[in-house]
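Here are some notes on the two-chain model you sent round. I've kept them to the chains and how they sit together.

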2 protein chains.
Amino acid sequence: MLTRIDHIGIACRDLAEKIAFYQSTFGLTVISEETNAEQGVREAMLMVADAPAGTSYVQLLEPLGSDTPVGRFLARRGEGIHHVGYGVADITAALGAIGATGVRLLDARPRHGSMGAAIAFLHPADVGGVLTELVQSARQP
Amino acid sequence: MLTRIDHIGIACRDLAEKIAFYQSTFGLTVISEETNAEQGVREAMLMVADAPAGTSYVQLLEPLGSDTPVGRFLARRGEGIHHVGYGVADITAALGAIGATGVRLLDARPRHGSMGAAIAFLHPADVGGVLTELVQSARQP
C-alpha cells in the first residue's frame, strides 16, 4: 500500500532560516514554496532523493499564527519532526482500507496538499503517537 | 550528500504489538529484527519501498530499559517519531563536511547501526530540534 516515504514534515519558527540551513548543511534543493491557508502554514519542499517510486522530501513548515496546528505544536514541543508522509498510489483506496482496520481518519476525504498532491492525515493516537499522512502525488504513482 | 530518507525511527513501548500494527494496517514487511545493546534498544526494520538509491524503512524502537535514550524519550514525550535517518554514500566524508559547518556530531566516528550499517547522529539542537542520523548502508550506495 505504501510506495515510499514521501516526506518528513518538520515544524520550524523561521522558514527562510531553516531553508538556508538545509541547503548549506545538507546540500538540499528547494523544489517548491507555498502557503497553505487551510492548514495554516507556509512551507517549503526540499528534495532529498528522486527515484522511480517517487521523490522524497524534507518539508519545512512555519505556522501562519500561534492558533494553528503547527503553531500549537511549536508552543507545546518546540521545533522538530511534526509528521511523516507516505506515498500511496490511490489515496481513496488507501483511506478505505486503513479506515476499515479501525484507525480513525482525520480526513475522511483527501484534501489539497503540497505541490498539488491529494493528502489525508490519520489520527496519531491510533498510529502509536505518529501523525501520519498519506500522499498521492499529482505527478507520480 | 543525502541519497534518500533511509528510515523514520519510531519509539514504542511494545515492539511486537507495533510490528503487528504496521503489518496489518499498512502492509509493511519486517526485514530485520535485532537488539542493539550499545543503543539500548530492540528494533525492527520494516520496508516501505525499495529503490535504486536504497531502501526506505520504518524503524520501530523499544527501549531495553527506562535509563536509555529511547526510554527517556518515551517518559518525556510518549510514543512517536524519535528521529530521521538519511542515506549517505560516504559517512566519513559526510561527517567531515557537516561538522565543518558547525553542526555538533554526537558521533565523531561512525558506529554500528541496523543491518550492519555505519551510522552517526547529529546534535538535534543544531538541526532545528530534529535528531538526525546519517546511514551508510552495508548493502547499498
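1. A definition before anything else: a salt bridge here is a side-chain nitrogen of Lys or Arg within 4 Å of a carboxyl oxygen of Asp or Glu. By that rule, the count between chain A and chain B is zero salt bridges. Bear in mind that this is a predicted model.

2. Polar contacts give a similar story. With both residues at pLDDT 80 or more, the rule finds zero residue pairs in polar contact across the interface of chain A and chain B. Do keep that pLDDT condition in view when quoting the zero.

3. So what does the interface consist of? On the side of chain A that touches chain B, there are 23 nonpolar residues, eleven polar ones and five charged ones. As for area, about 3000 Å² is buried between chain A and chain B, and carbon and sulfur atoms give 73% of that. In chain A, the residues that lose the most area to chain B are I5(A), F26(A) and I81(A), which together make up 21% of what that side buries.

4. How many residues take part? In chain A, 39 residues are in contact with 39 residues of chain B. Several elements of chain A each supply at least two residues to the side that touches chain B: β1 (2–11), α1 (15–26), β3 (41–51), β4 (54–63) and β5 (80–88). Of these, β1(A) gives the most, with seven residues.

5. Now the symmetry. Chain A superposes on chain B by a rotation of 180 degrees, with 0.0 Å of shift along the axis and an RMSD of 0.0 Å. The two copies are therefore related as by a two-fold rotation axis. The same surface serves both copies, since 100% of the contact residues of chain A recur in chain B.

6. On the fold of the single chain: chain A has three helices and eight strands. Reading from the N terminus, the elements of chain A go β-α-β-β-β-α-β-α-β-β-β.

7. Last, the dimensions. The C-alpha atoms of chain A fill a box of roughly 40 × 35 × 25 Å along the principal axes. Chain A has a radius of gyration of 15 Å, which agrees with the value near 14 Å for a compact globule with 141 residues.

Key: Residues are numbered from 1 along each chain as its sequence is written. Chains are lettered from A and ligands numbered from 1 in the order in which they are written. This is a predicted model: local features need pLDDT of at least 70, side-chain atom pairs count only at pLDDT 80 or more; totals for chains, interfaces and linings use all residues. Side-chain values use heavy atoms; hydrogens and water are left out. Contact means heavy atoms within 4.5 Å. Buried area is the accessible area (1.4 Å probe) that two parts lose on being put together, summed over both. A polar contact is a pair of N or O atoms within 3.5 Å; within protein, one must be able to donate a hydrogen and the other to accept it, and residues adjacent in sequence count only if both atoms are side-chain atoms. Helices (H or I, at least four residues) and strands (E, at least two) are DSSP runs, numbered from the N terminus. Ala, Val, Leu, Ile, Met, Phe, Trp, Tyr, Cys and Pro count as nonpolar, Asp, Glu, Lys and Arg as charged, and the others, Gly among them, as polar. Copies are superposed by least squares on the C-alpha atoms of residues with pLDDT of at least 70 in both. The radius of gyration is taken over C-alpha atoms; the globule rule is 2.2 Å times the number of residues to the power 0.38.
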